[in-house]
Amino acid sequence: MTSTVLDTVGNAAKRLKTEVMGSPVTIGTHNGHFHADEALAVHMLRKHIPAYSSAKLIRTRDPAVLATCHTVVDVGGEYDPAKNRYDHHQRTFDTVFPGRATKLSSAGLVYMHFGKEIVARSIAAAATAAAAADNDDAPKEKEPATAADEATVDLVWNKIYTSFIEAVDANDNGVSVYDPAALAAVGIEKRFSDGGFTLGAMVSRLNPNWNDPAPADPEAAQKAEDDRFLAASARIGEEFDRDLEYYTRSWLPAREIVEGAFRGRKEVDPTGRILVFMGQSVPWKDHLYTLEEAEGETEQKVLYVLYPEKPAPDSKWRVQAVPLTKDSFQSRRPLPEAWRGVRDEELSEKTGIPGGVFVHAAGFIGGNKTFEGALAMAKKALEM
């Protein structure tokens, strides 16, 4: 790995590499009922940090055994990165991720200290893969050949924390997404239970049930429990890996494309409220909101985004209303009510624009057979 990448990941990996050369590494965590945070912490270390790739896992609460472990997560009552101790249960613990308010769990602690190396490696691997795809004769290297700059690593490091890791930290520390007292004060209640969809619930379901048969032999019983933990670590690790891959291989490359479309939006519409992707659609919501905020745009925000359904000359085009927030079902300005739920010729008649395909009943998206038709729909929607 190049010096640029090493500079971005801090001293943790370099210290670790020096300590473990020639000796096996052991990771200790608690046995018994397992949780999402230590399952993810163990996965991040063993899957993404080379020095831990062959690490032995020991699950115990015995202080004497934990003292022999090179690294301990989520148990032991100690947070000391210099000693590779990453527990958060002690009464005095109040560490948070930079710029955030949620108290860290063992997952957040491991990610805070090792996440930059994880991100830098993923970005570099993506760049190497892209270069190889452009040149099939390019040499295949064991280590990524292209380093990411520190600002880019920081950008993705922060993004993955807020999009994935923070939810694990909050779940383990009993922090609700919304202040329960504030919700109760205004009489807001859940319409349905969504607890089964959380990362914590997903891991918890892999614990044994209270009435599941267990081996009588203590060693066999511990092995059976450890096997369940490893399955849980792999399961939540798969979700993390997909998030990591998305942000380094899809979301990050899209940033430049969205910025270019944003800078040229007034060439499409003088008001700047229509954004167009001519080649193909990319993940644009996060980047659009960030660009608008950086520009201080409060009045003439983008209302509609146009893009082809596929990167082909004869592709149909979509007109998508920009949502209030990334995960909102409400749009800044939905397509006109009279168009909603209408298709084909009937839509063309209602809009007065040839080539109509559809407008969703909720008004958040519509389509036309051509770019010109989609643009005309967006411009007409601005006037209504």
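I started with lysine 316, which is partly exposed at a relative accessible area of 39% (buried is under 20%, exposed over 50%, partly exposed in between, with a 1.4 Å probe and protein chains only). I was looking at a predicted model, where local features need pLDDT of at least 70, side-chain atom pairs count only at pLDDT 80 or more, and totals for chains, interfaces and linings use all residues. Residues are numbered from 1 along each chain as its sequence is written, and side-chain values use heavy atoms, leaving out hydrogens and water.

Next I looked up where Lys316 sits: the loop between strand S7 (304–308) and strand S8 (317–321) (strands are DSSP E runs of at least two residues, numbered from the N terminus).

I then checked the surroundings, and Lys316 joins Lys310, Arg343 and Lys369 in a positively charged surface patch (members have over 30% relative accessible area and no salt bridge, and like charges are joined within 9 Å; a salt bridge is a Lys or Arg side-chain nitrogen within 4 Å of an Asp or Glu carboxyl oxygen; charges are placed at NZ of Lys and CZ of Arg).

On to the sheet: I traced five strands in an open, mixed arrangement, ordered S2-S1-S3-S5-S4 (strands pair if DSSP finds at least two bridges between them). Its edges are S2 (56–59) and S4 (79–80), each pairing on one side only.

I followed S1 (residues 26–29) to both neighbours. With S3 (residues 71–73) it runs parallel over two bridges, and Ile27 has Thr71 as its partner there. With S2 the sense is parallel over four bridges, and Gly28 stands opposite Ile58.

Which residues cover the faces of S1? I found Thr26 and Gly28 buried on one side, and Ile27 and Thr29 buried on the other.

Conventions
Patch = residues over 30% accessible without salt bridge, like charges linked within 9 Å, V, L, I, M, F, W, Y side chains within 5 Å. Areas by Shrake-Rupley, 256 points an atom, 1.4 Å probe, with all protein chains shown as cover. Lys, Arg positive; Asp, Glu negative; His and termini not counted.
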